[in-house]
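Biologist: Could you walk me through this model, one piece at a time?

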Amino acid sequence: MILIDAVTKRYPDGTTAVDRLTLEIPDGSITVLVGPSGCGKTTTLRMINRMIEPTEGRITLDGADIREQPVNSLRRTMGYVIQHAGLFPHRTIVENIATVPRLLGWDRREARTRALELMERVGLDRSLAKRYPYQLSGGQQQRVGVARALAADPPVMLMDEPFSAVDPIVRKGLQDELIRIQGELGKTIVFVTHDIDEAIKIGDMVAVLREGGKLAQYAPPAELLSAPADGFVEDFLGLDRGIRRLSFFTAAGLELNTVPIVAVDSTAEQLAARTVPQTPYLLVTDTEGRPLGWADAKQRAAGSEALIPFGHSFTAGRDSLRAALDSAVLSPTGWAVAVDENGRAVGVAAQETIAAAIRTAHLEQQATGSASGVADAAPVDA
Ligand SMILES: Nc1ncnc2c1ncn2[C@@H]1O[C@H](COP(=O)(O)OP(=O)(O)OP(=O)(O)O)[C@@H](O)[C@H]1O
Ligand SMILES: [Mg+2]
């Protein structure tokens, strides 16, 4: 475990970048430092691998002061990833990734095999191995940066805004990969970002820092959303924290109504049997059961084939109440469409039903009264 113990960093010009910061960073999980520009995130991260030395306080790794260890051996236990990846431009991808193993004296073949294996792990095709960094996209370069940091299998990974320079879709992919890699390899990751959504998505613990390098709150993401420590944290979380918090509640218990589901080739009798006053709409599916759209029940009975788009569906048993609510809000009929893993419609849920499920989830959470209030540290979906 990394313990940052009452650490202060004052630069020679008098700037206090970090002010009496104390953080217990648990092993084998992702801890995120988040906060506005200049709040001391990078300074904190660099004090962990001694690129910057604290003015006061100390940092321990598994109980030992990091100053007791030679800097080089300390850094070997800590991979470091930065924005734009910081790759060596004149080395190929495979050489970039093999850098640290080579420095550690691995022979060329061994290091290369390891590099190729890591390319696979971070989702890069081996055919890119002989390219140079400039021949890759920004997102691919970031993946190389992650692979390079993993190369010597360090127990700790320090990541400073590694995904900030890529577009939102690539970024989501990189975040998902990081969560997967962390799950597989169990690294201790300290991750810096100024993006609160990224922090909430990937963090097991999130430290919100404010200007002047002061800790505003240190909590699991669900707790940040449900109980921000003060106005600063609340502002930083943004307006829709209530909605975002629903990501932590599963939609698995949502009562689904199967009555209005009809296949596109249904007969008049079948349509009539499915038409009930509580749902003036029918969800029409193809012959495999995949939703095509909503139909007005009366018009369908009169022979109309017109369909109303259903927006998007949510996956029953996997997605969160946030996804279910979003589906209901986007659907012109106000009903969310639930599908199974194969995309087949398994039921529909009215906004009112989802609202009731949300109230129940809140009540259950209050009743369990756990520290975070929510059993799962990770959002159900993100
Ligand atoms: N070498 C330095 N000398 C003086 N002040 C510095 C130095 N490096 C950083 N600072 C100041 O320390 C504070 C914290 O800087 P730091 O780089 O840790 O912030 P940050 O949270 O990483 O910001 P950003 O989100 O913009 O990357 C800032 O006010 C910065 O100007
Ligand atoms: Mg920074």
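Modeller: Two strands pair when DSSP finds at least two bridges between them; strands are DSSP runs of E with at least two residues, helices runs of H or I with at least four, numbered from the N terminus. This is a predicted model, where local features need pLDDT of at least 70 and side-chain atom pairs 80 or more, while totals for chains, interfaces and linings use all residues. Residues count from 1 along each chain as written, with chains lettered from A and ligands numbered from 1 in written order.

Biologist: Which strands are the edges of the open sheet with β11, β12 and β13?

Modeller: The order is β11-β12-β13, with mixed pairing. An edge strand pairs on one side only, and that fits β11 (261-263) and β13 (291-296).

Biologist: What is the bridge partner of V262 in β12?

Modeller: β11 lines up with β12 (residues 281-285) in the parallel sense, over three bridges. In β12, the partner of V262 is V284.

Biologist: Which helix gives the most to the shell around ligand 1?

Modeller: That shell holds residues whose C-beta atom, placed from the backbone, lies within 6 Å of the ligand. Among them are Y11, D13, K41, T42, T43 and H194. With three residues and a span of 41-48, the top contributor is α1.

Biologist: How many of the eight residues of α1 are buried?

Modeller: Buried means 20 or more other C-beta atoms within 10 Å of a residue's own, all placed from the backbone. K41, T43, T44, L45, M47 and I48 make the cut. So α1 is largely enclosed by the rest of the structure, and its buried count is six.

Biologist: Which residue just after α1 takes a positive phi?

Modeller: Look just past the end of α1. Phi there is about 65 degrees, and the residue is R50.

Conventions
A residue is buried if 20 or more other C-beta atoms lie within 10 Å of its own, exposed if 12 or fewer, and partly exposed in between; C-beta atoms are placed from the backbone.
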